[in-house]
Amino acid sequence: MSAPNKIAHIGIAVKSLEKTLPFYTEQLGLELVGTEIVESEQVQVAFLKIGESHIELLEPLSDESPIAKFMEKRGEGIHHIAFDVDDVAGRLATLKEQGVPLIHEIPKAGAHDALIGFLHPKAANGVLYELCQYPKES
Ligand SMILES: C[C@@H](C(=O)O)C(=O)SCCNC(=O)CCNC(=O)[C@H](O)C(C)(C)COP(=O)(O)OP(=O)(O)OC[C@H]1O[C@@H](n2cnc3c(N)ncnc32)[C@H](O)[C@@H]1OP(=O)(O)O
Ligand SMILES: [Co+2]
């Protein structure tokens with residue numbers, strides 16, 4: 001299996017994008033690339049560019065959001081690490097064959113038209129990993 005390309009983003013659970021963004025843009029000086037609602041995950045996300053990667057701030061849209069459930073238990077903070085990969089479906093299939101615990105066995109739609117899939121945190125010492133495949137720029 002080839003190495004993932006890079007860290008696509010680090011996901012951070014926050015109660016309010018509006019209240020959090022000025023720290024990232026004004027104090028830390030990161031560039032806000034954009035915000036987006038991802039209905040399927042019940043989140044609104046903001047992407048901030050940091051070199052070749054991004055910080056993804058995630059605000060829950062409802063109590064059913066995985067981010068709301070996470071913050072109930074653990075409060076705000078680092079939620080997941082996302083790897084940029086070329087073939088998310090193929091990787092998930094291989095991981096499944098290898099017996100790695102997955103949350104998604106087939107990819108679903110994420111932010112920025114990416115295909116995404118999550119490994120279960122019990123697969124990785126309590127770290128939640130996301131695999132993300134972005135559409136090829138043409
Ligand atoms: C927009 C998109 C994108 O980038 O394009 C995104 O990122 S969407 C980002 C939001 N979407 C997701 O996270 C989707 C995948 N996540 C999920 O399906 C869920 O959040 C799970 C990770 C399965 C956790 O769900 P839930 O807490 O209901 O299940 P559970 O109670 O059985 O938890 C199983 C164990 O995982 C732990 N756990 C929960 N969230 C965790 C996290 N973020 N990192 C590490 N561990 C975590 C719990 O504390 C628990 O540990 P103990 O067993 O020790 O108590
Ligand atoms: Co993410």
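Colleague: Happy to start with confidence. What is the mean pLDDT of the protein chain?

Modeller: This is a predicted model, and pLDDT is the predictor's confidence in each residue. Here the chain's mean pLDDT is 96, with 99% of its residues at 70 or more. For the complex, the predictor reports an ipTM of 0.97 and a pTM of 0.97.

Colleague: Good. Now the ligand: where does ligand 1 sit?

Modeller: Ligand 1 occupies the largest pocket. Around ligand 1 there are 21 residues, and the closest are Glu 41, Glu 56, Lys 73, His 79 and Ala 111.

Colleague: And which helices or strands supply at least two residues each to that shell?

Modeller: Four elements do: the helix α2 (66-74), along with the strands β4 (53-60), β5 (77-84) and β7 (115-118). Of these, α2 gives the most, contributing five residues.

Colleague: How many residues of each class does the shell around ligand 1 have?

Modeller: Sorted by class, the shell holds 11 nonpolar residues, five polar ones and five charged ones.

Colleague: Let's turn to polar contacts. Which side chains have an N or O atom paired with an oxygen atom of ligand 1?

Modeller: For a polar contact, look for N or O atoms within 3.5 Å of each other. In the side chain of His 9, such an atom is 3.1 Å from a ligand oxygen, and for the side chain of Arg 74 the distance is 3.0 Å. The backbone takes part too: a polar backbone atom of Ala 111 lies 2.8 Å from an oxygen of ligand 1.

Colleague: How much of the accessible area of ligand 1 does the protein cover?

Modeller: On its own, ligand 1 has 1000 Å² of accessible area, and the protein covers 70% of that.

Key
Residues are numbered from 1 along each chain as its sequence is written. Chains are lettered from A and ligands numbered from 1 in the order in which they are written. This is a predicted model: local features need pLDDT of at least 70, side-chain atom pairs count only at pLDDT 80 or more; totals for chains, interfaces and linings use all residues. Side-chain values use heavy atoms; hydrogens and water are left out. A residue is near a molecule or strand if one of its heavy atoms lies within 4 Å of it. A polar contact is a pair of N or O atoms within 3.5 Å; within protein, one must be able to donate a hydrogen and the other to accept it, and residues adjacent in sequence count only if both atoms are side-chain atoms. Accessible areas come from the Shrake-Rupley method with a 1.4 Å probe; for residues, only the protein chains shown count as cover. On a 1 Å grid over the protein atoms alone, a cavity is a set of points where a 1.4 Å probe fits but cannot get out, and a pocket is an open set with protein on both sides within 12 Å along at least five of seven lines; lining residues have an atom within 4 Å of a point. A molecule sits in a cavity or pocket if more than half of its atoms lie within 2 Å of its grid points. Ala, Val, Leu, Ile, Met, Phe, Trp, Tyr, Cys and Pro count as nonpolar, Asp, Glu, Lys and Arg as charged, and the others, Gly among them, as polar. pLDDT is the predictor's confidence in each residue, from 0 to 100.
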